[in-house]
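Got the viewer open? Then let's take a walk through this chain, one selection at a time.

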Amino acid sequence: MDLLIVAATKLEIPSVIQFSKKQDHVDVLISGIGGVATSYALTKALAKKKYDLLIQAGIAGSFSKEMALGTTVVVGADCFGDLGVVENKERKSVFDLHLLPADKKPFSNGWLVNPHKRLLKATGLKTVRSVTVNEISTDKRSIAYFGTKLEAVTESMEGAAFHYVALQEKVPFLQIRSLSNRVGERNKARWQIKESVLDLNQTVLKLVHEIRNK
Ligand SMILES: O=C(O)c1cccc(C(=O)CC[C@H]2O[C@@H](n3cnc4c(=O)[nH]cnc43)[C@H](O)[C@@H]2O)c1
């Protein structure tokens, strides 16, 4: 099984990188931060080589007040959270604006849904919704919109781009995210980057072993 592990930065997957160096069938792609960099790097990688599974691994902001930082989750559905307009203090998506039909492939009701339910279940992780943004959310209205209205648990800057390319290219995929901070918390002293990176790497490595031994 040929596996590609994608991360925005090297800092997020140090142990996975070390592990992949000793493996013939595990490649790592450091895509860069953001959706554009991720789409470009992943599309290029998939044009060069056929993969059986793609795993995106990264840290993320959390909208949940209950889940502990350092917890790792799997993303069942992602969306481009800030693709649209804020008009009279109200956020509207490109689907609300009727610029794009909400069910136009690869979207399902505006979401980029992971259809590989068995894979999601096999992770043993909590499956959550996530939003992808270009601008990290800091204001209360955006946080309430994404966390309460869209019921997202995590926020990243790459997830939806990863889902979009994987769905379009019809390659099975998993997006694994570890909660490093509460969305809106800009004091990095209150982030738990070390803990989330550790849990993320342990989780991804365990998952890779399990998938390959099936
Ligand atoms: O400073 C460090 O030591 C360090 C270690 C690992 C990763 C980083 C990053 O800056 C990763 C950036 C990456 O993280 C995602 N992220 C994390 N929190 C949020 C958030 O609240 N809202 C949106 N995205 C978030 C994002 O995907 C970034 O690409 C630093």
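One term before we click on anything: a residue is called exposed here if 12 or fewer other C-beta atoms lie within 10 Å of its own, and buried if 20 or more do, with partly exposed in between. Keep in mind, too, that this is a predicted model.

Put that to work straight away by selecting N88, in the loop between β5 (84-87) and β6. It has 6 C-beta neighbours inside 10 Å, so N88 counts as exposed. Check its backbone while you're there: phi is near 50°, a positive value in a residue other than glycine.

Now zoom out to the whole protein chain. You should be able to pick out six helices and ten strands. The radius of gyration is 16 Å, close to the 17 Å that the globule rule gives for 214 residues, so the chain is as compact as a globular protein of that length. Along the principal axes, the C-alpha atoms fill a box of roughly 55 × 40 × 30 Å. Colour by burial and 42% of the 214 residues come up as buried. Of the contacts with a separation of 6 or more, 75% are between residues 24 or more positions apart.

Next, select helix α2 (residues 35-48) together with helix α5 (residues 159-169). Their axes come within 8 Å and cross at roughly 30°, so α2 and α5 are roughly parallel to each other. The crossing of the two is right-handed. To see who makes the contact, show side chains for G35, T38, S39, L42, T43 and L46 on α2, and for A160, A161, F162, Y164, V165 and E169 on α5. By class, that contact has seven nonpolar, four polar and one charged residues.

For a second helix pair, go to α1 (residues 14-21) and α6 (residues 193-212). These pack at an angle of about 35°, with their axes 8 Å apart. On the α1 side, look for P14, S15, V16 and F19; on the α6 side, N201, V204 and L205. No charged residues take part here: the contact has five nonpolar and two polar ones.

Stay on α6 and click on Q202. Buried or exposed, or something in between? With 14 C-beta neighbours inside 10 Å, Q202 counts as partly exposed. If you like drawing distances, try Q202 to T132: 24 Å, C-alpha to C-alpha, for 70 residues of sequence.

Move on to S180, which sits in strand β10 (residues 173-182). This one counts as buried, because it has 25 C-beta neighbours inside 10 Å. What is S180 in contact with, leaving aside its neighbours within four places in sequence? Select I59, A60, L69, W191, Q192, I193 and S196.

Now helix α4 (residues 140-149), where the buried residues are S142, Y145, F146 and G147. Their cover includes β6 (90-93), β8 (127-132) and β9 (154-156). α4 is followed by E151, with a positive phi near 55°.

Last stop: the loop between β6 and β7 (112-113), where you'll find P106. Look at the peptide bond from K105 to P106, which is cis, with omega near 10°. N109 is found in the loop between β6 and β7 as well, and its phi is positive, near 50°. Since N109 has 10 C-beta neighbours inside 10 Å, it counts as exposed.

Methods
Residues are numbered from 1 along each chain as its sequence is written. This is a predicted model: local features need pLDDT of at least 70, side-chain atom pairs count only at pLDDT 80 or more; totals for chains, interfaces and linings use all residues. Helices (H or I, at least four residues) and strands (E, at least two) are DSSP runs, numbered from the N terminus. The radius of gyration is taken over C-alpha atoms; the globule rule is 2.2 Å times the number of residues to the power 0.38. Two residues are in contact if their C-beta atoms, placed from the backbone, lie within 7 Å. Axes are lines fitted to C-alpha atoms, for helices over the stretch in contact, and angles run from 0 to 180 degrees between N-to-C directions. Angles under 35 degrees count as roughly parallel, over 145 as roughly antiparallel, 65 to 115 as roughly perpendicular and the rest as oblique. A crossing is left-handed if the near helix is turned anticlockwise from the far one by less than a right angle, and right-handed if clockwise. Ala, Val, Leu, Ile, Met, Phe, Trp, Tyr, Cys and Pro count as nonpolar, Asp, Glu, Lys and Arg as charged, and the others, Gly among them, as polar.
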